[in-house]
Amino acid sequence: WLESRATSGAREAIGAISALRPEEATLSDGKTVPVTKVAVGTIVLVHPGERVPIDGTVEAGETSIDESNLTGESRPVSKRVGDAVHAGTINAGGGALRVRTSALSSNSAVARLVRLVEAAQLQSSPTEERVALFAKWYTPTVVLVSLLFATIPWAYGAEEGREWLKTSLVMLVVACPCALVISTPITYVCGLAHAARCGILLKGGKHLETLGHLQILAIDKTGTLTEGAFRINELRAFSESLSEAELFQLLLTAQQQSAHPMAVAVCASAQKRGIVAIPGGASCEVVKGEGIRATIKGRVVEVGNRRMLNRILPAAPVPEADAAREWEANGATVSWVFVDGVAAAIFSAVDKPRPEAAEAVAMLTKLGVRTLMLTGDNQGSALAVQRIVGITEVWAGLLPEDKMEHLKRLRAEPLQGGGF
């Protein structure tokens with residue numbers, strides 16, 4: 001009864017995941033059929049507000065997909081022709097999609113996730129395996145010794161036999177390994193069930209046990225320690241040929257297809273001012289570790305961080321250097337705007353720490369876990385978040401490969417019986 005009660009939460013979590021998958025799909029001709037009858041390669045329609053019925057690839061249309069119920073990503077992800085979409089996610093944008101299915105409903109991401117959670121319940125941790133091995137030899141030994149106590153003394157008389165029979169029964173009850181053998185798997189099942197109720201899916205008791213030995217935890221900043229919802233704080237234009245409104249129009253056109261938190265904030269700020277994108281859109285590319293580059297009607301617009309500034313204007317004075325230092329010291333993220341290689345504007349954006357971040361870091365510190373922030377943002381912004389959430393160490397201005405180098409160095413450090 002106790003085990004059934006403990007695992008009911010995990011079963012409910014699995015049921016909730018299964019419920020993500022729609023039961024029906026709309027074909028290209030408008031007919032509605034059960035998802036179990038949709039073959040691979042079939043074109044299905046996904047209208048705004050509907051769930052994607054089966055995993056597939058976008059054939060036509062453009063929209064934003066809410067994947068939070070499947071991946072935990074809070075921001076809708078932009079999808080266009082050629083992008084993959086998964087069953088159970090929601091069309092949160094304003095456009096309809098034509099999706100060519102790439103899997104059967106029984107092999108969708110949701111179905112695989114359900115099987116993964118079910119398999120997690122069956123996996124044994126190292127501790128469970130050791131306890132099971134111990135019980136394999138201990139239990140027969142206890143039973144054998146009790147049996148000998150209950151039988152051999154009868155050869156010395158009835159009185160001796162009755163006395164030793166009581167002793168054998170007491171020994172059998174006291175030495176029974178049931179509590180040890182049952183408590184170990186129940187503990188792991190309860191842990192997995194509680195995690196599932198909190199929206200955390202673990203692959204098994206082994207990984208739950210690994211967390212118990214954790215000594216170092218490296219955390220990103222944007223969207224992890226912070227809300228990942230930037231707000232444009234201030235924009236200063238210093239271009240002689242472009243007004244603030246024209247700059248916002250270029251920024252909106254360049255970043256309207258991006259799901260990056262900074263791009264979302266820029267677009268929201270422009271739209272709040274009633275600015276619309278330039279017809280025809282932009283051809284965009286990501287500049288690794290710096291920002292983005294977009295071509296808009298022959299004009300090259302680049303938006304990025306200080307690393308981009310140093311590349312484009314390596315020897316020139318930093319535009320609005322005092323303002324940039326002040327904003328960064330106050331915890332803002334600073335970006336520069338370049339039009340055809342000329343600095344045109346600078347703006348700052350703020351991203352508030354998550355309300356629960358300080359409590360979570362404090363709990364980790366109390367448990368003896370050393371916390372590190374590895375971020376590509378500027379030092380001032382990172383230190384401002386550190387002051388609020390209380391994280392142990394900060395490493396800022398890192399490229400993705402720099403973060404990997406830090407992880408390698410941390411793994412090489414000698415740890416006292418723990419893990420990274």
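This report describes the packing of two helices and the state of two cysteines in a predicted model.

## Packing of helix 8 and helix 9

Helix 8 spans residues 244-255, and helix 9 spans residues 261-272. Their axes lie 9 Å apart and form an angle of about 135 degrees. Angles over 145 degrees would count as roughly antiparallel and those from 65 to 115 degrees as roughly perpendicular; helix 8 and helix 9 are therefore oblique to each other. The crossing of the two helices is left-handed.

## Residues in the contact

Helix 8 contributes Phe248, Leu251, Leu252 and Gln255 to this contact. From helix 9, the participating residues are Ala263, Val266, Cys267, Ser269, Ala270 and Gln271. Classified by residue type, the contact of helix 8 with helix 9 comprises seven nonpolar and three polar residues, with no charged residues.

## Cysteines and disulfides

Zero disulfides are found in a search of the whole structure. Cys267, which belongs to the helix 9 side of the contact, is in no disulfide. The nearest cysteine sulfur to that of Cys267 is in Cys284, 9.9 Å away. A disulfide requires the two sulfur atoms to be within 2.5 Å, so the separation of 9.9 Å between the sulfur of Cys284 and that of Cys267 is too far for a bond.

The two cysteines are also described by their accessibility. Cys267 is buried, having a relative accessible area of 7%, whereas Cys284 is partly exposed, with a value of 42%.

Note on methods. Residues are numbered from 1 along each chain as its sequence is written. This is a predicted model: local features need pLDDT of at least 70, side-chain atom pairs count only at pLDDT 80 or more; totals for chains, interfaces and linings use all residues. Side-chain values use heavy atoms; hydrogens and water are left out. Axes are lines fitted to C-alpha atoms, for helices over the stretch in contact, and angles run from 0 to 180 degrees between N-to-C directions. Helices (H or I, at least four residues) and strands (E, at least two) are DSSP runs, numbered from the N terminus. Angles under 35 degrees count as roughly parallel, over 145 as roughly antiparallel, 65 to 115 as roughly perpendicular and the rest as oblique. A crossing is left-handed if the near helix is turned anticlockwise from the far one by less than a right angle, and right-handed if clockwise. Contact means heavy atoms within 4.5 Å. Ala, Val, Leu, Ile, Met, Phe, Trp, Tyr, Cys and Pro count as nonpolar, Asp, Glu, Lys and Arg as charged, and the others, Gly among them, as polar. Buried means under 20% relative accessible area, exposed over 50%, partly exposed in between (1.4 Å probe, protein chains only).
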